[in-house]
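Hi,

Here is the structure we talked about. Have a look at it first, and my notes follow underneath.

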Amino acid sequence: MVVLILVSITLITFDERSGTHDITAGLRSVAHDIFSPVVGAVNDILRPIGDLFAGSVHYGALQTENQKLQQTIGRLRQQLAERPYEAKELQELQALTDRARLPFLGSLPTITAQTTEIKVSNFEGDITIDKGRSDGVQVGMPVVGAGGLVGQVTFASHHSATVQLITDGQSAVGVTFGPNESTSILDGEGSGNPLSAQYIGVHTPLHKGEVFFTSALQGGEFPSGIPVATVVSSHTALGATFETVTATPEADLQELAFVDVVVWEPPL
């Protein structure tokens, strides 16, 4: 590089003072031919170094911008993932507020509540709702979903309550079914398991798809006529007195973002 600079200065000075442009032009041409490969080689060496320094200067800004883009992508993905869930919640809420879709309640008043916690296991099952005694919720009140009975309030504080689901192992719901209004009791067998119907005699008319409704059994713990479950299977063991019957809940217990507490107390 030093040699190139000295030669360039010499040629410029000689050219300006002597005015021999033809001679200097030739010298410049020869110098260009000699030193061009050297200049190219130097540029090839220095350019990556310059790029490295430039990249290091802008690295922080690029990293920050990349983080912002990743956050935006994550937020958009979350919004897309939540939309189906939000749509389901809206459908549940609309189903509960549309009394035409809850004909089994008649004129009974209800309190719409949002589920804040779900606790289920192989044998137990209950949910916590955001309404309590200050809202009119009392222990023993039935709780329904769009399809039918969900459970019963077993504990109520000032601003929340616990609802025992009909699938809970301790749940037992008195029901009636069929044209003859035969009676039975539906026992919970744990979350995800079908309900089992008790005390149905072997000669009792019963078919798959039969719907069980709440009845006045158990001292009238529920208002009559609320759909509880649908028969999925029944059979009679050899020598048995009662049929073995299983049923699935009418209400979708997997979709309980919102529920209705029925303002009803058993008659004295």
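**Aromatic pairs, barrels and core**

Searching the whole structure turns up two aromatic pairs (Phe, Tyr and Trp rings, the six-membered one for Trp, with centres within 6.5 Å; planes under 30 degrees apart are stacked, over 60 edge-to-face, the rest tilted). Before going on: this is a predicted model, where local features need pLDDT of at least 70, side-chain atom pairs count only at pLDDT 80 or more, and totals for chains, interfaces and linings use all residues. Residues are numbered from 1 along each chain as its sequence is written, and side-chain values use heavy atoms, leaving out hydrogens and water.

One pair is Phe177 with Phe212, edge-to-face at 5.1 Å centre to centre and 80° between the planes. Phe177 sits in strand E6 and Phe212 in strand E9 (residues 211-214), 35 residues apart (strands are DSSP runs of E, at least two residues, numbered from the N terminus). Both Phe177 and Phe212 are buried (under 20% relative accessible area; exposed is over 50%, partly exposed in between, with a 1.4 Å probe and protein chains only).

The rings of Tyr199 and Phe242 are also edge-to-face, with centres 5.9 Å apart and planes at 80°. Tyr199 is in the loop between E8 and E9, and Phe242 in the loop between E10 (227-235) and E11 (244-249), so the pair ties together parts 43 residues apart in sequence. Tyr199 is exposed at 56% relative accessible area, while Phe242 is partly exposed at 41%.

Now the strands. Six of them form a closed barrel in the order E6-E7-E8-E11-E10-E9, with antiparallel pairing (a pair needs at least two DSSP bridges). Within that barrel, E7 (residues 182-187) and E8 (residues 195-198) are joined by three bridges, and Leu186 has Ala197 in E8 as its bridge partner. Another closed six-strand barrel, again antiparallel, runs E1-E2-E5-E4-E3-E12. There, two bridges link E3 (residues 142-144) to E12 (residues 258-262), and Val143 stands opposite Val261.

Thr176 is worth a click too. This residue belongs to strand E6 (residues 172-177) and is buried, at 17% relative accessible area. Its side chain reaches the backbone oxygen of Ser182 at 3.1 Å.

Finally, the largest nonpolar core has 45 residues, and among those touching the most other members are Leu149, Leu186, Phe212 and Val261 (such a core is a set of buried Ala, Val, Leu, Ile, Met, Phe, Trp, Tyr and Cys residues joined through side-chain atoms within 4.5 Å).

Cheers

Definitions and conventions: Helix = DSSP H or I, 4+ residues; strand = E, 2+ residues; numbered from the N terminus. Polar contact = N/O pair within 3.5 Å; in protein donor to acceptor, adjacent residues only side chain to side chain.
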